[in-house]
Amino acid sequence: MENTHESSSYMNRDQAQSKMSWPKALGSNSPVPWLLPTAIILLLVFIYPVIEVIRSSFTNANLMDPNYTYTLQSYRKLLNNPDLLHMISITLIFVVCSVFFQMLLGFIIALLVDLGNKRKLIGTVVVRTTVLSAWAIPGVIIGIIWSLLYNESDAGILNYVVTLMGFSKISFLSDPHIALASITLANIWRGTAFCMIMIYAGFQTVPGDVLEAAKIDGTTSFQTLIKIIVPILAPILFINMITSVVATFNTFDMVMALTAGGPGKSTEVIALNVHSQIFQLFDLGQGAATAVILLLINLTMTGLYFRFVERK
């Protein structure tokens with residue numbers, strides 16, 4: 001009887017401690033109350049939609065028909081689509097050219113602004129503010145602005161300048177061979193601002209004593225840039241490249257406002273194809289399957305980013 005009484009008392013004590021542990025976890029020193037709203041928002045607006053997209057990709061769902069069955073038909077249609085390779089190649093050209101020139105121009109502008117700031121030149125703050133405002137403009141607005149520049153009528157700004165120089169008008173958005181270059185140029189202008197901000201912040205982390213030591217050793221400005229500054233900025237440049245690649249792969253709004261994938265399918269990137277499949281052809285299954293491909297690309301780039309951060 002005594003053993004039974006002792007065991008029951010231990011059980012009651014454990015139950016009391018377990019009941020006290022949950023309120024203690026929600027105490028003032030616990031991060032749970034602060035992280036819980038964020039976790040709920042992520043679950044509702046990110047995790048649940050991703051799960052639904054993956055689930056829908058394994059169906060033949062159509063927005064015009066509520067009935068559907070689970071099948072691999074969407075992935076078969078996607079892999080057998082003769083335009084798949086063309087769409088992937090268009091997307092790769094768009095991404096590679098955009099990211100390369102965004103980082104190149106962003107690096108040059110950041111370098112010039114940093115040099116001007118060190119020499120206390122007037123206007124560096126204006127340049128940084130202007131670049132920041134260009135980065136903050138929504139993609140749809142950027143598409144509308146560049147469509148006005150690319151307008152092929154007499155009201156088109158770029159074509160007006162071209163005709164003043166004695167050349168014939170350029171079909172910026174109606175020629176399949178020029179349209180991709182046109183939207184790539186607009187995206188370069190859009191992404192250069194973000195790259196410049198990131199790289200300029202990296203320039204502020206370069207130790208001044210290292211630059212002074214290099215100057216005393218007699219290294220030229222170009223040697224200092226290539227052998228000292230660029231290696232120091234390498235982690236920031238890599239992170240900048242990964243984020244720019246992910247953002248460019250998911251570019252939709254600007255391309256939609258400029259060409260909507262045309263003429264033909266000469267500018268139809270993967271993100272735009274997802275929209276076309278779901279909201280124009282009403283093929284939810286195939287659109288979701290294409291979105292899964294885009295999701296895998298983003299997860300791969302994100303995995304590279306986290307692996308690099310862990311190594312550092």
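The predictor's confidence in each residue is given as pLDDT, on a scale from 0 to 100. The structure here is a predicted model, in which local features need pLDDT of at least 70 and side-chain atom pairs count only at pLDDT 80 or more, while totals for chains, interfaces and linings use all residues. Residues are numbered from 1 along each chain as its sequence is written, and side-chain values use heavy atoms, with hydrogens and water left out.

Confidence first. The protein chain averages a pLDDT of 84, and 91% of the residues score at least 70. Among the elements, helix H4 (residues 84-118) comes out with the highest mean, 91, and helix H1 (residues 2-25) with the lowest, 49. Over residues 16-22 the pLDDT drops below 50, and this stretch makes zero contacts beyond near neighbours in sequence, a contact being heavy atoms within 4.5 Å. Where pLDDT is low, predicted coordinates should not be read in detail.

As for the overall build, the protein chain has 13 helices and zero strands; both are DSSP runs numbered from the N terminus, helices being H or I of at least four residues and strands E of at least two. The radius of gyration, taken over C-alpha atoms, is 27 Å, whereas a compact globule of 312 residues would be near 20 Å, going by the rule of 2.2 Å times the number of residues to the power 0.38. Those C-alpha atoms fill a box of roughly 110 × 70 × 30 Å along the principal axes. Of the 312 residues, 33% are buried, with buried meaning under 20% relative accessible area, exposed over 50% and partly exposed in between (1.4 Å probe, protein chains only).

Within H4 sits Ser 98, which counts as buried because its relative accessibility is 0%. Its side chain reaches the backbone oxygen of Phe 94 at 2.6 Å, a polar contact (a pair of N or O atoms within 3.5 Å; within protein, one able to donate a hydrogen and the other to accept it, with residues adjacent in sequence counting only if both atoms are side-chain atoms). Leaving aside residues up to four places away in sequence, Ser 98 touches Ile 93, Thr 184, Asn 187, Ile 188 and Thr 248.

Helix H8 covers residues 176-203, and its end C-alpha atoms lie 40 Å apart, in agreement with the 40 Å expected for 28 residues at 1.5 Å a residue (1.5 Å times one less than the number of residues). At the start of H8, a side-chain oxygen of Asp 175 comes within 3.0 Å of the backbone nitrogen of His 177.
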